[in-house]
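This report describes selected packing features of a single model. The text below should be read alongside the sequence and the coordinates.

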Amino acid sequence: MVNLLHEVGPGARRTAPDRAEWADAAAAGSIGFSLQSSKRVQGLDWAIIAAYFAVLVGLSLWAVRKRNETSEDYFLAGHSLGWFVVGASIFASNIGSEHLVGLAGSGATDGVALAHYELHAWCLLVLGWVLVPFYLRSRVFTMPEFLERRYSPAARYTLSIISLVAYIVTKIAVGIFAGGAVFSAVLPEVRFGPLDSFWCGSLLVLAFTGAYTVLGGFRAVAYTETLQTVVLVAGSALVTYFGLKELGGWAAFRDSLDPEMFNLWKPLVPEGLAVTWTPVEERSPAGELTRQAWYFNDNYPWFGMLFCAPIIGLWYWCTDQYIVQRALGAENETEARRGTIFAALLKLLPVFIFIIPGMICLALARTGSYETLNPLITEQGTVDRLEAQSAFPLMVQTVLPVGIRGLVVAGLLSALMSSLAGVFNASSTLVTIDLYKTRYPEASERTLVRVGRIATIVAVLIGLLWIPIIKNADRGLYDFLQSVQGYLAPPIFVVFFVGIFWRRANGPGCLAALLVGFLLGLFRLAVDTYPKIAPEGFAYAEGSLLWITSKIYFQYFSLLITAVSAAVIVAVSLATAEPDREQLSGLTYGSLTEEHKRESRASWGTPDVVASVVVMGLIIAAYVYFSG
């Protein structure tokens, strides 16, 4: 999700002993694959990691044997998934290594500020209760295909291309980078010839994930993600448990940190500054901020979190192929809805198994009793934001006993593989169904499956090509990546939700909203990116339009794109012909028949309602508890 990746770098911290071990090995003429002894990962740990991979291979082979050579089976598991697999797969596809790096790092630097994004679990309830009936009723393979049925073929092509570009630039790139960074921090002693642990981890996990995704399709992805969810949750929960044990319990943990670290609601402007609309940013000779426009403040202000973050959440959880494909693979509407409810419950866990460990890491570092954690605190007593990105791996190194450490490392690898497998399969589905099949509608089922496999291989190769680019990238790339979703999400959110709730929205209105919204997002991305690639010393002239645009907090600019996109779809739709009513049957609330309503009502019962209410109650309780 957005704002989780700032200041993540490949320099996940390596201790001096590790470097010394490598130097000794080089001096001794060691070549090939070597595993120097390390106090971090020992024999029992390696045995647990090996056992995990053995089970994963067995599960993958089982999924490959169960496959049928049809596009429905390869891309949607033959609509055979039960609620547990749907929910676990949604959760695992969302949680990647960037969460373990970024969320734990944000916990160490900003406390629970980014818990807002994890508490958007209610968006999954919207998916299950509001959108799943429309998606399953339309029998589509992809989200762009749904837009075609609701609007026009042009809308389908537009969304397909944008989604593929976004997947390659963000999900694949970020997943590989974060995975390599985690691998190099937790297993720095792994080497294969000239390749260090970053390269070994990235290549091995990428190749293994690509193999079972290519061979087994979505069925293999969904079932392996279910196993990975169990391992990831169990391992990460143990980090929290042992960390709290080191501190002396939850009460001692709360007392060890500033109460503001437990506050979800950050002020609209920095403390001590007045709210001003004038586009200024002034500092004292000492560098302290003295005056700033309220919409320039980027310290997670409550206004942006309250109004913009849900837009991004609803886009991601309710309309992104990467996530919704799991619900589309469900056996029926009942299983799909229950899967989303289960996923919503799981989605509450990252606050406690990723963010809290980062905060525990900071608390332990402040005690001064843990040498491995000392780099987190600067000489001035503040948190080193770059070092903080290694908070989770450092916790694994510092507080976990032998054996447990191996389980958590397996969980880290699970996070990387599940997120990459999901994006590989989603990319191949978009290429095959939305691009190839529309051009060659007479293609056989075997041909479609073959094209899907080729598309997956291409996605893996692109991922491999990204590795040297990402490893050598500076922090600017990740400042850029964290806001990409904020700029691309609004027009997609608008056309889906307006299209379902307003029958009058038509194809020209959808296309205009998508194009105008994307152009605004690309404009802001260009404004943000140019200073990072321009000659050293370049800066926009203070007070100029480009300077003001670059300073506006990305969540506020995202709100602007949302408002413009909504205005465009309404204006263009009203200015052009109404959509065909037969085309809309069952695709909007205004076109539902009595039969549609009866079918949907028969798909849920009291347990589904109670479970949803419980999830909402837990979300509200978290917001109340983390209010300072």
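In which helix is Val 564 found? The model considered here is a predicted one, and in it Val 564 belongs to helix H25, which spans residues 554-575.

**Contacts of Val 564 and Gly 509**

Val 564 has a relative accessibility of 26% and therefore counts as partly exposed, since that class lies between the 20% limit for buried and the 50% limit for exposed residues. When neighbours within four places in sequence are set aside, Val 564 is in contact with Val 516 and Leu 520. Pro 490 is 74 residues from Val 564 in sequence, and the two C-alpha atoms are 9.4 Å apart in space.

Gly 509 is located in helix H23, residues 507-533. Is Gly 509 buried or exposed? Its relative accessibility is 0%, so Gly 509 counts as buried. With neighbours within four places in sequence again left aside, the contacts of Gly 509 are Ile 569, Val 572 and Ser 573. Ile 569 is 60 residues away from Gly 509 in sequence, yet the C-alpha to C-alpha separation is 4.3 Å.

**Burial of helix H13**

Helix H13, residues 309-319, is mostly covered, with 11 of its 11 residues buried. Among the buried residues of H13 are the aromatic Trp 315, Tyr 316 and Trp 317, together with Gly 313 and Cys 318.

**Aromatic pairs**

How many aromatic pairs does a search of the whole structure find? The search finds 36 aromatic pairs. A pair of aromatic rings is described by the distance of the centres and the angle of the planes. Two edge-to-face pairs are listed below.

| Pair | Centre to centre | Angle between planes |
|---|---|---|
| Tyr 52 and Phe 53 | 5.4 Å | 75° |
| Trp 277 and Trp 294 | 5.1 Å | 80° |

Tyr 52 is buried, because its relative accessible area is 8%, whereas Phe 53 counts as partly exposed at 23% relative accessibility.

The edge-to-face pair of Trp 277 and Trp 294 links distant parts of the chain, with the two positions 17 residues apart in sequence numbering. Trp 277 lies in the loop between helix H11 (250-256) and strand E3 (281-283), while Trp 294 lies in the loop between strand E4 (289-292) and helix H12 (302-307). Trp 277 is exposed, with a relative accessible area of 63%; Trp 294, at 12% relative accessibility, counts as buried.

Ring pairs join Trp 277 and Trp 294 into a cluster whose members also include Tyr 295, Phe 296, Trp 302, Phe 303 and Phe 307. Trp 547, Tyr 553, Phe 554 and Tyr 556 are included in that cluster as well.

**Charges over rings**

The charged end of Arg 337 sits over the ring of Trp 129, at 4.9 Å from the ring centre. Arg 524 likewise lies over the face of Phe 557, with 5.2 Å to the ring centre.

**A nonpolar surface patch**

Which residues make the nonpolar surface patch of about 320 Å²? The patch is made by Leu 345, Val 610, Val 614 and Leu 618. Helix H27, residues 606-625, gives the most to this patch, contributing 3 residues. Val 610 has its place in helix H27 and is partly exposed, with a relative accessible area of 46%. An α-helix has 3.6 residues a turn, so residues three or four places apart point the same way.

Terms used. Residues numbered from 1 in each chain as written. Predicted model: local features only at pLDDT ≥ 70, side-chain atom pairs only at ≥ 80, totals over all residues. Heavy atoms only, no water. Helix = DSSP H or I, 4+ residues; strand = E, 2+ residues; numbered from the N terminus. Buried < 20%, exposed > 50% of the residue type's maximum accessible area, 1.4 Å probe, protein only. Contact = heavy atoms within 4.5 Å. Patch = residues over 30% accessible without salt bridge, like charges linked within 9 Å, V, L, I, M, F, W, Y side chains within 5 Å. Areas by Shrake-Rupley, 256 points an atom, 1.4 Å probe, with all protein chains shown as cover. Salt bridge = Lys/Arg side-chain N within 4 Å of Asp/Glu carboxyl O. Phe/Tyr/Trp six-rings, centres within 6.5 Å; stacked < 30°, edge-to-face > 60°. Lys NZ or Arg CZ within 6 Å of the ring centre and 35° of its normal.
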